[in-house]
Amino acid sequence: MLDTPSSHASLSFSPEVDKPSASYSTYRIGGNMEFAWFPTTLDEAVELLTYLSPLLKSGETTLNVLGWGSNTLIASAGIAGHTLITRKLADMKALGDGRFLIEAGVHLAKVAHAVLEAGFQWGEYMIGIPGTMGGAAVMNAGAMGQDTAKIVERVFVFDLHKGNADWVEASDLAYDYRYSAVDSQKQIVLATECRFQAGDVSESKALMERNIAFRKSHHPIEPNGGSVFRNPTAPPQGGDVVLSAGKLLEDLGAKGTWKVGGAEVSALHANFIVNTNHASSTDVLTLMRQMQVAVWDAYKLRIYPENRFIGLATEAEKTLWHALKEGDPHHAPRSNESL
Ligand SMILES: Cc1cc2nc3c(=O)[nH]c(=O)nc-3n(C[C@H](O)[C@H](O)[C@H](O)COP(=O)(O)OP(=O)(O)OC[C@H]3O[C@@H](n4cnc5c(N)ncnc54)[C@H](O)[C@@H]3O)c2cc1C
């Protein structure tokens with residue numbers, strides 16, 4: 001089977017072709033998506049992935065997945081092949097006893113409100129995280145001492161190698177700090193089953209209000225992708241003490257001053273990069289690399305990206321991203337060298 005627009009016609013729904021991607025990432029950066037798919041039901045998502053699975057296995061095409069794009073930097077050159085955007089998989093229903101079936105594209109704010117209205121706790125952390133349930137299950141998103149691992153019981157995953165969808169228990173997802181074993185290149189989360197705790201929701205409501213107020217004063221309003229780096233542990237490589245990447249960078253004077261092209265370190269949070277003036281993906285990656293190298297030079301600590309980078313990378317972007325992922329301070333050009 002070939003991956004051509006005419007072969008897509010065999011499906012019950014169609015992709016949007018050459019669709020600009022910037023509005024599907026909170027960085028508001030990104031070129032066109034060759035084929036952008038917006039399934040509206042689990043059946044449509046399974047139909048699409050069943051069609052793509054053999055093409056992906058034979059290397060004839062590529063697939064990227066986007067929830068709300070709130071942790072994802074998209075290449076300015078765009079995304080070749082297929083992009084599955086989950087945000088129209090937006091149903092959730094109560095299963096009783098604090099359990100909910102939540103499709104991958106449901107926004108976390110919607111989950112937080114629905115859970116609260118139904119009289120349950122443990123959704124408080126979701127209120128200010130601008131992502132989807134699927135993205136949160138993959139990233140183990142968390143805040144205020146809560147995280148997604150605490151509520152997920154099982155996930156409904158399409159396995160691109162096996163070519164089918166099945167439930168996977170949370171105990172098989174190896175959840176850790178901002179980590180799950182879900183590999184978005186091979187496994188697509190279509191829905192989750194989550195359990196919340198019955199309790200005093202007036203307390204939850206107050207917690208959510210505090211959470212929103214905190215974010216308003218500590219998070220930038222300009223387009224951004226949340227925390228750029230994961231918090232490191234000390235001593236270097238795997239110690240027990242978790243340090244704040246933002247504090248380390250703030251102490252180096254990054255906040256509101258470091259800048260590459262249209263990308264700047266936020267004046268409110270030194271672990272956030274804001275797109276203030278038509279930043280490109282290269283601007284963001286170059287600034288990230290400067291931040292990473294500066295932390296190494298000052299503290300001999302490696303910090304690794306929490307943000308993900310997808311799409312058609314230029315050679316310079318590939319080098320930067322490779323160095324960022326390796327955390328190797330000497331792999332790529334330094335901040336003051338040309339790319
Ligand atoms: C202002 C701001 C504040 C933030 N605050 C927090 C915070 O407090 N805590 C926190 O943890 N994060 C925070 N984030 C980061 C981000 O919101 C979370 O990581 C969120 O879980 C990402 O969800 P998403 O749907 O936007 O994922 P995306 O960015 O769309 O995707 C993230 C990764 O998951 C993959 N993916 C997405 N959906 C699926 C799926 N259904 N199946 C398989 N793979 C998938 C993507 O391919 C990508 O690799 C913040 C971001 C912003 C912009």
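## A tour from Met144 outward

With 14 C-beta neighbours inside 10 Å, Met144 counts as partly exposed, because that class covers the counts between 12 or fewer, which is exposed, and 20 or more, which is buried. The model you have open is a predicted one, and Met144 is a good residue to select at the start. Its place is in the loop between β9 (142-143) and β10 (146-147), and its phi is near 55 degrees, a positive value in a residue other than glycine.

Select Trp122 next, in the loop between β8 (120-121) and α4 (133-139). Here too phi is positive in a residue other than glycine, with a value near 90 degrees. Trp122 has 19 C-beta neighbours inside 10 Å and therefore counts as partly exposed, since a residue is called buried from 20 such neighbours.

Now move to the sheet, and colour β1, β2, β5 and β3, which form an open sheet of four strands in the order β1-β2-β5-β3, with mixed pairing. Which strands stand at its edges? They are β1 (16-20) and β3 (63-66), each of which has a single partner strand, so that one side of each is left without a neighbour in the sheet. If you look across the strands, the twist from one strand to the next averages 40 degrees.

Within this sheet, select residues 32-37 and residues 79-85, which are strands β2 and β5, and you will find them paired in the parallel sense over four bridges. Showing the side chains of Trp37 and Leu84 marks one place in this part of the sheet, where Trp37 stands opposite Leu84 in β5.

For the next stop, select residues 281-299, which make up helix α7; its 19 residues reach 27 Å from the first C-alpha to the last, close to the 27 Å expected at 1.5 Å a residue. Is α7 mostly covered or mostly open? It is mostly covered, with 14 of its 19 residues buried. Extend the selection past the end of the helix to Lys300, which follows α7 and has a positive phi, near 55 degrees.

Finally, zoom out to the whole protein, whose secondary structure comes to eight helices and 21 strands. Its C-alpha atoms fill a box of roughly 55 × 50 × 35 Å, taken along the principal axes. For 339 residues a compact globule would have a radius of gyration near 20 Å, and the protein agrees with this at 20 Å. Of the 339 residues, 44% count as buried, and among contacts with a separation of 6 or more, 64% are accounted for by residues 24 or more positions apart.

Note on methods
Residues numbered from 1 in each chain as written. Predicted model: local features only at pLDDT ≥ 70, side-chain atom pairs only at ≥ 80, totals over all residues. Helix = DSSP H or I, 4+ residues; strand = E, 2+ residues; numbered from the N terminus. Expected span 1.5 Å × (residues − 1). Pairing = 2+ DSSP bridges. Axes fitted to C-alpha atoms, helices over the stretch in contact; angles between N-to-C directions. Rg over C-alpha atoms; globule rule 2.2 N^0.38 Å. Contact = placed C-beta atoms within 7 Å.
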